[in-house]
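Please open the structure in your viewer and keep the selection tool handy. We will walk through it one stop at a time.

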Amino acid sequence: MDAQHGNETAPAALPQAAHPTAMALQTPMPAPICLIENSPAGGLQVNREALAQLQAGSQPVVVVAIVGLYRTGKSYLMNQLASRRTGFSLGSTIQSHTKGIWMWCVPHPRRPGHTLVLLDTEGLGDVEKGDAKNDTWIFALAVLLSSTLVYNSLGMIDQRAMEQLHYVTELTEHIQAKAVPGASPAAGEDGAQFVRFFPAFVWAVRDFTLQLRLDGRDITADEYLEHALRLKPGSGQVAQTYNLPRLCLRHFFPTRKCFVFEQPAHREYLHRLEELHDDQLNPGFREQVARFCAHIWATAQTKALPGGHVVTGKLLGDLVVTYVDAVRSGAVPCLESAVLVLAQVENSAAVEAAMACYSAALGPELALPTETLPELLALHAQAEREALRVFMARAFKDDTRQFQSELMRRLEEQKEELCQRNERASLEHCQAALAEVSRDLDACIRDGFYVVPGGYQRFLGDRQEMVERYRQMPGKGIKADAALQDFLTSREPMAQAILHADEALTETEKEVEGAWGRGTA
């Protein structure tokens, strides 16, 4: 138990958000929405509109769920955590007002960049529903989805209150920690397996009228809870019945906290609690609610999967669908299997995010060609490191490195494609450069400038000058020499023709000179 956070000493300064009138938070979700619907005809099913709103969030989530008997004021506490007077419906009659599980996503008041997801559950023990198993599923889903679970009860923590919390004793009958083919839910499992998945536990005792004293001394609310969880000695049926819910609470929720609340206001005003202003509430109740909110905001942990992977709104939505689908199919939700399913989805998304990062790191306007291959490979290596960083930050339970291997394969393909693009860009650039620098040479060839005796030497000189101009041009890339060699090879027949013409003309000229010489002689 975390004993350092007792609720007896007030914080030095309570945040304004602890009061119903505080409106500092700008919530992207203006009002709660039903996330998991519950109807006699359709049973539990996910509300797709709410799911879309939840999964649109990319921030880490802190998930606080509240459970308890119907008509015990659960919704009021959740509105306070949202820093609102109204939001979750309170109702004012003996009938259960909340059906299914309602969700409200608000900016976390203490952790920038985090979303506080509040889950208000249907009241347990509704006599009109008459389906205890349905209540157990509501309780189990609240446990599975939250990072902090608030159990709300009335009066005091006594045997009756413990018996009303029988849902805890049934958890292992409705949840399976590890995937064991053909095994019953609890076969071969112990509490340690479940604790890895289970939330912190907060017991909120409402309308508390007793004094927190034990054996003549004042005690804290936490000590009151731990005293109530003491086991009865003996192994008889009476002791076993008494101890079972206490053992389960101690076993499944090693992190526990307790708050007690006096009655909010005079009895005649309770039916319109959400309409009351601060000065109409009992001062002790206001202070107790402020302490409760301050504790939840300060200590409720970011939802994480075993291994420490942080859950975002997207992942939480995937968990909701996975668990509700299992319940609807009649199967026992398996925590390990759910995590593996999420890992498949999230790791696939991690690969895509890494590839997007790789492309962004290279930039849409990557200047190709590079002058050298090492320069290009350095750009690829930098982008690859950024992609791997993104992948490793998001991926989890990739024990066989299946997805990391897939990422490396795709990055290798990208490197090959990048090299090919670089070569094409270099070749195109070189060809354009050669066309530019050879324009004058081609004009001279067309005009017959080299079809004269000694024209071949003149051609060689001009061609060498063209080559030098080409070599001095920047930005040609890795195909510079190859493109030049191909160009010269393609022009070799023309060079040979100029050579042959030169040789023929030179020979003719020599013959003419010889004839003139003989005639003169």
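What follows is a short tour of a predicted model, with something to select at each stop.

**The whole chain**

Begin with the protein chain shown as a cartoon. You are looking at 17 helices and 12 strands. The chain has 521 residues, and buried residues make up 45% of them. Contacts also reach across the sequence: among those between residues at least 6 apart, 74% join residues at least 24 apart.

**Helix 1**

Next, select residues 48-55, which form helix 1. Which residues of helix 1 are buried? They are A50, L51 and L54. Turn the view until you look down the axis of helix 1: the buried residues fall within an arc of 100°, so they line one face of the helix. Here is a handy idea to keep in mind: an α-helix has 3.6 residues a turn, so residues three or four places apart point the same way.

Now colour R48 and E49, two exposed residues on the face of helix 1 turned away from its buried side. To see what the buried residues of helix 1 pack against, show strand 1 (33-39), strand 2 (43-46), strand 4 (101-107), strand 5 (115-121) and helix 10 (313-328).

Before leaving, select N47, which caps the N-terminal end of helix 1. A side-chain oxygen of N47 lies 3.0 Å from the backbone nitrogen of E49.

**T136 in helix 3**

Move on to helix 3, residues 132-145, and pick out T136. Is T136 buried or exposed? Its relative accessibility is 3%, so T136 counts as buried; the cut-off for buried is under 20%.

Show Y167, E170 and H174 too, since T136 touches these residues, leaving aside those up to four places away in sequence. E170 deserves a closer look: T136 and E170 are 34 residues apart in sequence, and their C-alpha atoms are 7.6 Å apart in space. Turn on the side chains, and you can find a polar contact of 2.9 Å joining T136 and E170.

**N243 in helix 8**

Select residues 237-252 for helix 8, then find N243 within it. With 8% relative accessibility, N243 counts as buried. Not counting residues up to four places away in sequence, N243 touches L231 and K232.

**The second largest pocket**

For a look at open space, select S147, P199, A200, T255 and Q301. The second largest pocket has a volume of about 440 Å³, and of the 28 residues that line it, these five are the closest to its centre. Strand 7 (200-206), strand 10 (256-260), helix 9 (283-299) and strand 11 (304-305) each give two or more residues to the lining of this pocket. Colour the lining by type and you should find 14 nonpolar, 9 polar and 5 charged residues.

**The largest cavity**

The last stop is an enclosed space. How many cavities of 30 Å³ or more are there? The count comes to 3, and the largest cavity holds about 70 Å³ of space.

Select its lining: L144, R196, F197, K303, A304, L305, P306, L319, Y323, L335 and V339. Strand 11, helix 10 and helix 11 (335-362) are the elements that give two or more residues to this lining. What kinds of residue line the largest cavity? The lining divides into 9 nonpolar, no polar and 2 charged residues.

Notes. Residues are numbered from 1 along each chain as its sequence is written. This is a predicted model: local features need pLDDT of at least 70, side-chain atom pairs count only at pLDDT 80 or more; totals for chains, interfaces and linings use all residues. Side-chain values use heavy atoms; hydrogens and water are left out. Buried means under 20% relative accessible area, exposed over 50%, partly exposed in between (1.4 Å probe, protein chains only). Helices (H or I, at least four residues) and strands (E, at least two) are DSSP runs, numbered from the N terminus. The arc is that of the directions from the helix axis to the C-beta atoms. Contact means heavy atoms within 4.5 Å. A polar contact is a pair of N or O atoms within 3.5 Å; within protein, one must be able to donate a hydrogen and the other to accept it, and residues adjacent in sequence count only if both atoms are side-chain atoms. On a 1 Å grid over the protein atoms alone, a cavity is a set of points where a 1.4 Å probe fits but cannot get out, and a pocket is an open set with protein on both sides within 12 Å along at least five of seven lines; lining residues have an atom within 4 Å of a point. Grid points are joined across faces, edges and corners, and a volume is the space filled by probe spheres set on the points. Ala, Val, Leu, Ile, Met, Phe, Trp, Tyr, Cys and Pro count as nonpolar, Asp, Glu, Lys and Arg as charged, and the others, Gly among them, as polar.
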